[in-house]
Amino acid sequence: TDSAPGFSQFADDSSAWRILDALRDIAKETGKTIPQISLKWLLQQAGVASIVIGAKTISQLEDNMGAGVDSWKLTPEQLHRLREASDVPVPYPYGMIERVEKNGRRKRDGVLIA
């Protein structure tokens, strides 16, 4: 068993392709690279103070650094498309909690009330 993920682990994952398609489309729109779009997307997320990048070559490092430039940002519409493409089902029990709270039930001191 190989501990590092390989391409074959993601080749049949439709969610991976959906995200890559959105990244590619936005890269074409902006004239940026897919890595730059990916990194800028992370940098524009609430609560993300920094990200760790990896590069094997100087050109990869320079490309990655282009995402940190403040002269450009992803638009709210582009962020929405990326969020939509990467959305995953909320796991149990969080999905149940969201549904209960959405139906008008609230908690008081940790106890659900009507």
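Rings of Phe, Tyr and Trp (its six-membered ring) make an aromatic pair if their centres lie within 6.5 Å. By that cut-off, this predicted model holds zero aromatic pairs.

**View 1. The whole chain: six helices and two strands.** Walk along the sequence and the elements come up as α-α-α-α-α-α-β-β. The protein has 114 residues, and 18% of them count as buried. Its accessible surface adds up to about 8,800 Å², with 57% of that belonging to carbon and sulfur atoms. Take the contacts between residues at least 6 apart in sequence: 57% of these join residues at least 24 apart.

**View 2. A nonpolar patch on the surface, made by Phe 7, Trp 17, Leu 20 and Ile 34.** Together these four side chains offer about 390 Å² of accessible area. Phe 7 belongs to helix α1, which covers residues 7-11. Is Phe 7 buried or exposed? Its relative accessible area is 59%, so Phe 7 counts as exposed.

**View 3. Lys 40 over the ring of Trp 72.** Here the charged end of the lysine sits 4.8 Å from the centre of the Trp 72 ring.

**View 4. Asp 21 and Arg 24, a salt bridge inside helix α2.** The two side chains meet at 3.2 Å, N to O. Both residues lie in α2 (residues 14-30), three residues apart, or about one turn of the helix. Asp 21 is partly exposed at 34% relative accessibility, and Arg 24 is partly exposed too, at 35%.

**View 5. Arg 81 with two glutamates, Glu 29 and Glu 77.** The contact with Glu 29 is a salt bridge of 2.7 Å, N to O. Arg 81 sits in helix α5 and Glu 29 in helix α2, so this pair ties together parts that are 52 residues apart in sequence. The salt bridge from Arg 81 to Glu 77 comes in at 3.1 Å, N to O. About one helical turn separates Arg 81 and Glu 77, because they are four residues apart in helix α5. Both glutamates are partly exposed, Glu 29 at 46% relative accessibility and Glu 77 at 45%. Elsewhere, salt bridges that share partners join Asp 21, Arg 24 and Asp 25 into one network. How many salt bridges does a search of the whole structure find? Four.

**View 6. A cis peptide bond between Tyr 92 and Pro 93.** Most peptide bonds are trans. In this one, omega is about 5°. Pro 93 is in the loop between α5 (76-86) and α6 (94-102).

Conventions
Residues are numbered from 1 along each chain as its sequence is written. This is a predicted model: local features need pLDDT of at least 70, side-chain atom pairs count only at pLDDT 80 or more; totals for chains, interfaces and linings use all residues. Side-chain values use heavy atoms; hydrogens and water are left out. Patches are made of residues with over 30% relative accessible area and no salt bridge: like charges are joined within 9 Å, nonpolar side chains (Val, Leu, Ile, Met, Phe, Trp, Tyr) within 5 Å. Accessible areas come from the Shrake-Rupley method with a 1.4 Å probe; for residues, only the protein chains shown count as cover. Buried means under 20% relative accessible area, exposed over 50%, partly exposed in between (1.4 Å probe, protein chains only). Rings of Phe, Tyr and Trp (its six-membered ring) pair if their centres lie within 6.5 Å; planes under 30 degrees apart count as stacked, over 60 as edge-to-face and the rest as tilted. A charge sits over a ring if NZ of Lys or CZ of Arg is within 6 Å of the ring centre and within 35 degrees of the ring normal. Contact means heavy atoms within 4.5 Å.
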